[in-house]
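Colleague: Before I use this model, I would like to go through its helix packing and its open and enclosed spaces with you. Could you explain the labels as we go?

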Amino acid sequence: MVQAIDRDRIERRLDDLWEIGQTQKGGVTRLAYTDEESDAFSYIQAELSSSYSITEDSMGNLFATREPEASDSIYIGSHLDSVYNGGRLDGTLGVVTAIEAIEAVYNSKCEPAHPPTLAIFRNEESARFGQHTVGSRGALGQLEVEDFSATDQNDVPLWHAMQSQGFEPENLSHPTINTERIAGFLELHIEQGRVLDERELDVGLVTSIRAPVRCRVTVTGDHDHSGATPMELRCDALSGAAEMITAIESVATTAATDGDLVATVGDITPVNGAINKVCGEVSFPIDIRSKEEDYRDTIENRIVDTIETIADDRELRTEIEHLDRSEPVQLDSKFVTVLEQSAETSGAAYCCLPSGGGHDAMNFQLAGIPTGMVFVPSINGISHNPAEATKPEAIEKATRILSNALVNFEE
């Protein structure tokens, strides 16, 4: 069993990476395909010893292994980009603990059946372009040409941002890596929820990953003067959108009592809104997630019907643009068993649970690659926030579980 985990080294690397893109509000903004994300990748490369063979694909993903000639390998890692003013751990912790787990394996003189490869992916977060897990999907040949036309808030397309960082992906339908030599994929992440923290557990072992349907609703009415337009003559897009958003919450709350489902409207954007105007156009996104695809799609239809009914009642016009549709994923049962055995051997208190958020791990399982995932508790369930935190003791135990799983997993 692997024992040597250097907690201080993990914390130092987390602190160093926290400074790359750190904001005045105490968080970090390290968006996809920016200089800050590239600086974080450069930092990791500098931290790796000369015993690693390091490669970079056309998407900008980084892969590092001590045994490049091995017939196959377990890939382990996560991402380094963040949301706006995000936390210290999201993604980054998965990268730093992956390095430590690999080091622990080699320091213990163990000989895993499948030598590990550190894998770090670009653009996992959808914060900048509205496109999630771009790096890992590109590595696995799961992207389409249309994905690269997505734009950020400054109308910069994804393909242009990639080029600005020196990357020009080609053959988008083909993987950038040899998937036949990947024996498995392993990722550690903060839970981003309250389950583990409230149950006072050290780790969670992920059995499945919820997948989102995402769309943007545009509601159109009439722009009018707030003082001169009588209430009964208004066609107020903002009031209509507010009713729709409240109805979405109501539909999702009821649906969650009958199956696995969450739905969120996390933003609302009035067009040319002002204090003295009746708003004539509003847009808002909807994020619907479940580990049960059929049930999610049923509730999606129910939400769309509700939106259209409200629009008809208010004489508003609506347009619904679908942004993303992903498949829920059941992770590899054998990998879950290996992780359970590693947790028990390590003396960690654990449970098995689904993941509420999407991760690079889901793309590997969808590609038919055995995939496992370990969660550490998010204190008070906080994530995507500068207050994001996890106890160092939990991080150390989870890293030990990773390293033992690297040694014990046999395809």
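The exchange below takes up helix packing and then pockets and a cavity.

Modeller: One caution comes before the rest: this is a predicted model.

Colleague: Why is α3 called oblique to α11?

Modeller: Helix α3 (residues 92-107) and helix α11 (residues 392-408) pack at an angle of about 55°, with their axes 8 Å apart. Angles under 35 degrees count as roughly parallel and those from 65 to 115 as roughly perpendicular, and an angle of about 55° falls in neither class, so α3 is oblique to α11. The crossing of these two helices, α3 and α11, is right-handed.

Colleague: Which residues make that contact between α3 and α11, and what is its make-up by class?

Modeller: From α3 come Leu 93, Thr 97, Glu 100, Ala 101, Ile 102, Ala 104 and Val 105, which meet Ile 395, Thr 399, Leu 402, Ser 403, Leu 406 and Val 407 of α11. Divided by class, the contact of α3 with α11 has nine nonpolar, three polar and one charged residues.

Colleague: What makes α7 roughly antiparallel to α8?

Modeller: Helix α7 (residues 237-255) packs against helix α8 (residues 293-314) at an angle of about 150°, and their axes are 10 Å apart. Since angles over 145 degrees count as roughly antiparallel, α7 is therefore given that description with respect to α8. On the α7 side the contact includes Met 244, Ala 247, Ile 248 and Val 251, and on the α8 side it includes Ile 299, Ile 303, Ile 307 and Ile 310. By class, the contact of α7 with α8 has eleven nonpolar, three polar and three charged residues.

Colleague: How do you know that α1 is roughly antiparallel to α2?

Modeller: For helix α1 (residues 7-18) and helix α2 (residues 35-47), the angle is about 150° and the axes are 10 Å apart; the cut-off for roughly antiparallel is over 145 degrees, so α1 meets it with respect to α2. The contact is made by Arg 12, Arg 13, Asp 16 and Leu 17 of α1 together with Ala 40, Tyr 43, Ile 44 and Glu 47 of α2. Its residues divide into four nonpolar, no polar and four charged, with Tyr 43 on the nonpolar side because Tyr counts as nonpolar here.

Colleague: Turning to the open spaces, how much space lies in the largest pocket, and which residues are closest to its centre?

Modeller: The largest pocket holds about 1,600 Å³ of space. Of the 47 residues lining that pocket, Ser 126, Ala 127, Gly 130, Arg 214 and Asp 287 are the closest to its centre. The lining has twelve nonpolar, 20 polar and 15 charged residues, and β12 gives the most to it, with five residues.

Colleague: What lines the second largest pocket, and how do its residues divide by class?

Modeller: In the second largest pocket, with about 270 Å³ of space, the lining includes Glu 191, Arg 194, Leu 353, Pro 354 and Phe 375. Strand β15 (residues 350-355) gives the most to this lining, with three residues. The lining divides into four nonpolar, six polar and two charged residues, and its glycines are among the polar ones because Gly counts as polar.

Colleague: What makes a space a cavity and not a pocket, and how many cavities of 30 Å³ or more are there?

Modeller: A cavity is a space where a 1.4 Å probe fits but cannot get out, whereas a pocket is open. The structure holds one cavity of 30 Å³ or more, and Met 59, Gly 138, Pro 169, Glu 170, Asn 171, Leu 172, His 174 and Thr 176 line the largest cavity.

How values were computed. Residues are numbered from 1 along each chain as its sequence is written. This is a predicted model: local features need pLDDT of at least 70, side-chain atom pairs count only at pLDDT 80 or more; totals for chains, interfaces and linings use all residues. Side-chain values use heavy atoms; hydrogens and water are left out. On a 1 Å grid over the protein atoms alone, a cavity is a set of points where a 1.4 Å probe fits but cannot get out, and a pocket is an open set with protein on both sides within 12 Å along at least five of seven lines; lining residues have an atom within 4 Å of a point. Grid points are joined across faces, edges and corners, and a volume is the space filled by probe spheres set on the points. Helices (H or I, at least four residues) and strands (E, at least two) are DSSP runs, numbered from the N terminus. Axes are lines fitted to C-alpha atoms, for helices over the stretch in contact, and angles run from 0 to 180 degrees between N-to-C directions. A crossing is left-handed if the near helix is turned anticlockwise from the far one by less than a right angle, and right-handed if clockwise. Contact means heavy atoms within 4.5 Å.
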